Amino acid sequence: MAERRDDAPDKAREEFFSEASELVDGFGRHLLALEESVESGHGPDPETLNDIFRGVHTLKGLSGLFGAATLSGLSHELENLLDDLRLGRIPLSTAVLDLLFDAVELYGRILSALKGEQAEPREEVLTLLASLAAVSNERSGNVAFIAEYELAPETLGVLTEYEEHRLRSNLQAGLALYRLKAKFPLATIDSALEELKLRVRPVGEIITYLPTGDGGDLDAIDLEILVASRSAAAELRQAVDSDAVLVEEVKKRDLSQARTPPAPRVSERTDDSAIDLPDGRETPSPPAADEDEPPHVSMHPAPQVHEAAVMPAAAAGRDISLRSVTQTVRVDIRKLDRLMNALGELSLVRGALLRYAEKLRSEPATRRLGMDLLGVHRAFERQLAQMQSGILEVRMVPLGQVFDKLARIVRQVSREQNKSVHFVVTGGETEIDKLIVEELSDPLLHMIRNAIDHGIEPIPERAAAGKPDTGTVALNAYQQGNHVVIEVEDDGRGIDPHAVLHKAVTMGLVSMEDAKSFSLEEAVSLVFMQGFSTRDTATAMSGRGIGMDIVKTRIAKLGGLVDIVSEVQIGTKITLTLPVTLAIVGVLTFVVEATVYCMPLSSMEEAVVFDAALVREVDGREVMTHRGVTLPVVRLARLFSEPPAPQRATKQFLIVARVGTRRLGMVVDRLIEQQDVVIKALGRTLGHVRGFAGATDLGDQRVALILDVPSLIEECLTAAEGRRANDASLAFRFGEGS
Amino acid sequence: MSALIHDGERSDHLVFALAGELYAVALESIHEIVKVGPITRVPRARADILGVMGVRGRLVTVLDLRRSIQVQDAPIDARSRVLLLQVDEEDVGFLVEEVREVERFTPSQIEPASVLGGIERPYLRGVARRGPEMLVLIDLLPILPGREGSALNVGGQGHSYPGGGAP
């Protein structure tokens with residue numbers, strides 16, 4: 001008997017895990033962007049840093065709520081480091097980036113430890129915490145620079161750390177500082193301020209607004225606005241274009257005067273004055289030039305000041321944990337499956353409705369009523385179709401979700417291996433069923449790892465081969481009809497078919513006799529054989545075997561196919577062809593003897609009348625010439641040992657099935673119609689049966705099986721391929737390459 | 001060892017007929033009893049799997065219990081029923097000839113399967129006496145393909161068969 005459990009905490013826990021992993025994913029994604037901006041010489045993008053900071057802050061709050069101590073401890077230390085980075089107190093070096101990437105990895109492991117999937121990485125967390133603390137100690141506190149300007153201590157005292165940082169960065173970058181003084185009537189302050197912001201934006205960055213407290217006017221507020229700008233005072237005045245606003249430059253202090261003591265650091269804004277900024281966005285600002293680095297000023301000729309509103313940093317931190325930012329709802333995919341099932345039931349109801357309507361219409365007495373009912377039926381049908389595509393849409397997610405994670409792996413693996421790898425991703429926006437995405441990450445991970453492990457050569461080897469030091473691993477995705485194609489391509493050393501064959505023979509996977517008849521392409525495909533290259537993966541041989549058979553099985557389970565093309569010294573390309581969705585498929589229903597089957601439209605090219613006279617038997621297999629190409633043919637009645645129908649069909653049909661580049665003709669007895677069906681998985685009880693992707697209710701209470709074309713093609717073609725003699729010279733070249 | 005035998009409580013069983021003999025399964029394992037609908041044959045499936053059947057939108061794999069436990073075959077007729085089970089989120093059905101009644105057995109009525117002699121069958125749980133009648137108590141789970149292995153290998157942990165036990 002199952003243990004009874006309260007539902008609510010479970011749900012909250014699930015919610016926690018999904019939100020936490022979403023945050024961690026976002027963290028990783030932002031880090032990659034950050035790394036890119038640093039590598040391109042632009043310095044860290046302040047907006048990205050802010051995003052990361054906020055994510056970690058939220059994570060800290062979440063983990064606190066759920067008593068996940070390690071998680072909240074790590075988040076706390078990270079938050080400090082990120083705050084230092086954000087405020088420019090420490091430079092974003094490669095070492096710091098590495099620490100941050102490590103943190104993403106550890107977050108993942110801690111989360112799965114919390115789920116009980118693995119042991120908590122206690123040691124690693126402690127090591128990382130120590131490293132984080134070490135970095136934080138290096139921070140360079142420097143306020144002296146600001147103190148050289150004629151700013152009142154009371155002004156400096158209320159600057160938030162973030163504002164202070166922006167102020168310092170701008171001053172260091174050589175911008176001039178201006179003080180704008182204006183009086184705003186309370187009634188129109190919002191619009192007036194907004195207008196002023198718009199005017200200032202093109203020429204400068206607004207650091208802060210401060211009420212001065214002078215004036216004593218009850219209906220108006222005096223504001224002092226600090227603006228950093230590259231322009232001269234006259235230009236700024238022109239931009240502001242208002243007599244009511246006084247523009248003056250804040251000069252450096254006369255050095256003969258006594259220095260004002262450094263302003264105290266205030267992390268929280270103490271005055272919550274009447275200034276409610278209408279535009280609450282944070283400030284993306286020009287990349288901060290850190291004093292440790294050469295100033296990047298020359299790279300940004302025009303001051304790129306986009307936004308004027310400055311949100312106090314501390315306040316931003318306070319808000320996020322309370323407010324849910326997105327408009328999204330997380331839904332368990334099983335709930336969608338249930339909806340989909342309900343929808344399947346509804347289409348059965350629709351079928352019954354249609355039958356009754358037609359029956360009514362055929363009787364003269366009820367003809368009228370029948371017509372009306374048919375009208376209702378049509379409307380119902382339309383709505384059903386809309387609902388179906390709506391639910392399907394919800395199930396679809398961009399592949400980018402997986403790709404982002406892979407980018408982190410590439411970074412990690414190439415570092416481990418001391419290889420230089422450029423990872424190029426295209427088509428991350430291609431959408432595919434959520435269930436497929438979930439199942440894809442492991443196979444893709446294997447493939448990418450292999451590409452770096454075994455494909456990309458160490459730098460000296462690349463140099464010797466005349467290739468650039470940096471290898472390229474490309475990940476491309478695109479939609480092709482009802483399929484999504486994902487390619488993983490590298491410009492590494494490629495797979496040597498002779499070495500693969502040699503190894504397959506030594507491992508006893510292929511007999512010497514068979515080996516002689518393999519073509520070069522077939523030899524490369526041996527890496528997918530179960531048991532191939534599970535050991536000595538680090539030999540000089542070009543085999544890339546870790547788990548390629550697993551990749552193949554997993555992809556096949558999703559109704560997809562794997563193809564591999566490789567050329568020695570040029571590189572390797574592995575192509576996955578996957579269905580877009582698993583839930584609903586368009587099928588052609590057909591009859592074999594007396595049984596109805598479904599053929600997914602996505603896997604078929606055409607259906608034509610079958611001419612038995614065209615069939616030839618070659619090597620014990622039937623083939624025919626179809627549209628000028630040789631097409632292997634299989635008679636489904638024979639393949640499925642179908643009990644004969646009472647009446648023999650006079651003519652038969654040929655359905656040409658295709659997955660990837662492989663085609664197979666299937667001989668059937670009668671074609672029925674095309675329709676959309678909801679796929680229901682065959683249970684584990686039928687796990688031993690190959691050739692069927694699932695079953696569906698056709699609406700007449702009868703269940704029809706849906707063909708699993710990839711597995712049928714595999715079954716009917718693979719055995720044949722091995723026999724084809726193609727490159728006899730191969731057999732004599734054993735031993736080379738290893 | 002099974003709770004059925006040792007905790008002294010009486011347990012409800014569903015009694016059904018197969019090839020003229022009476023069998024019984026623990027009632028709690030049966031989710032539903034349905035009439036036999038159109039069953040679609042699944043090519044290349046194990047011989048005792050009749051095929052798949054739709055039951056209110058759910059897909060049920062139907063096994064012919066007679067073939068599973070190798071008793072004499074008989075045609076499906078109006079009295080035939082399918083016993084529905086839910087196993088690991090999968091719907092599985094067992095075709096039986098006729099469902100008789102629910103019977104409550106006390107532990108003293110039940111004898112271990114070893115009294116039957118012959119080859120050990122993982123699905124045999126014992127024999128129950130009801131007056132002059134003898135009912136064979138069976139467990140349907142070990143009959144399912146892909147699961148018989150686990151049931152056999154973990155003998156004593158998951159299922160336990162009186163008199164049989166793990167080797």
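This report describes the helix packing and the chain contact of a predicted model.

**Overall composition**

Chain A holds 22 helices and 22 strands. Of its 738 residues, 35% count as buried. Where contacts in chain A join residues at least 6 apart in sequence, 72% of them link residues at least 24 apart.

**Helix 12 and its surroundings**

Helix 12 of chain A covers residues 333-362. With 30 residues at 1.5 Å a residue, helix 12 should span 44 Å, and its end C-alpha atoms are indeed 44 Å apart, so the expected and computed lengths agree. Its buried residues are A:Met340, A:Gly344, A:Ser347 and A:Ala357. An α-helix has 3.6 residues a turn, so residues three or four places apart point the same way. The cover over the buried residues of helix 12 includes helix 13 (367-395), strand 20 (670-678) and strand 21 (692-697) of chain A.

**Two helix pairs**

The table sets out the packing geometry of two helix pairs in chain A.

| Helix pair | Axis separation | Angle |
|---|---|---|
| Helix 3 and helix 4 of chain A | within 10 Å | roughly 165° |
| Helix 12 and helix 13 of chain A | 9 Å | about 165° |

For helix 3 (residues 69-86) and helix 4 (residues 94-114) of chain A, the axes cross at roughly 165°. Because angles over 145 degrees count as roughly antiparallel, helix 3 of chain A is roughly antiparallel to helix 4 of chain A. Helix 3 passes helix 4 in a left-handed crossing. On helix 3 of chain A, the contact is made by A:Thr70, A:Leu71, A:Leu74 and A:Leu78, and helix 4 of chain A supplies A:Ala103, A:Leu106 and A:Ile110. By class, this contact of helix 3 with helix 4 comprises 6 nonpolar residues, 1 polar residue and no charged residues.

Helix 12 and helix 13 of chain A pack at about 165°, and they are therefore roughly antiparallel to each other. Their crossing is left-handed. The residues of the contact of helix 12 with helix 13 divide into 19 nonpolar, 4 polar and 6 charged.

**The contact between chains A and B**

Chain A and chain B each enter the contact between them, with 22 residues from chain A and 22 residues from chain B. On the side of chain A that touches chain B, the elements giving two or more residues are helix 12, strand 21 and strand 22 (703-707) of chain A. That side of chain A has 7 nonpolar, 10 polar and 5 charged residues. Helix 12 of chain A thus appears in two settings: it packs against helix 13 of chain A, and it gives residues to the side that touches chain B.

Terms used: Residues numbered from 1 in each chain as written. Chains lettered and ligands numbered in written order. Predicted model: local features only at pLDDT ≥ 70, side-chain atom pairs only at ≥ 80, totals over all residues. Helix = DSSP H or I, 4+ residues; strand = E, 2+ residues; numbered from the N terminus. Expected span 1.5 Å × (residues − 1). Buried ≥ 20, exposed ≤ 12 C-beta atoms within 10 Å, placed from the backbone. Contact = placed C-beta atoms within 7 Å. Nonpolar A, V, L, I, M, F, W, Y, C, P; charged D, E, K, R; others polar. Axes fitted to C-alpha atoms, helices over the stretch in contact; angles between N-to-C directions. Parallel < 35°, antiparallel > 145°, perpendicular 65-115°, else oblique. Left-handed = near helix turned anticlockwise from the far one by under 90°.
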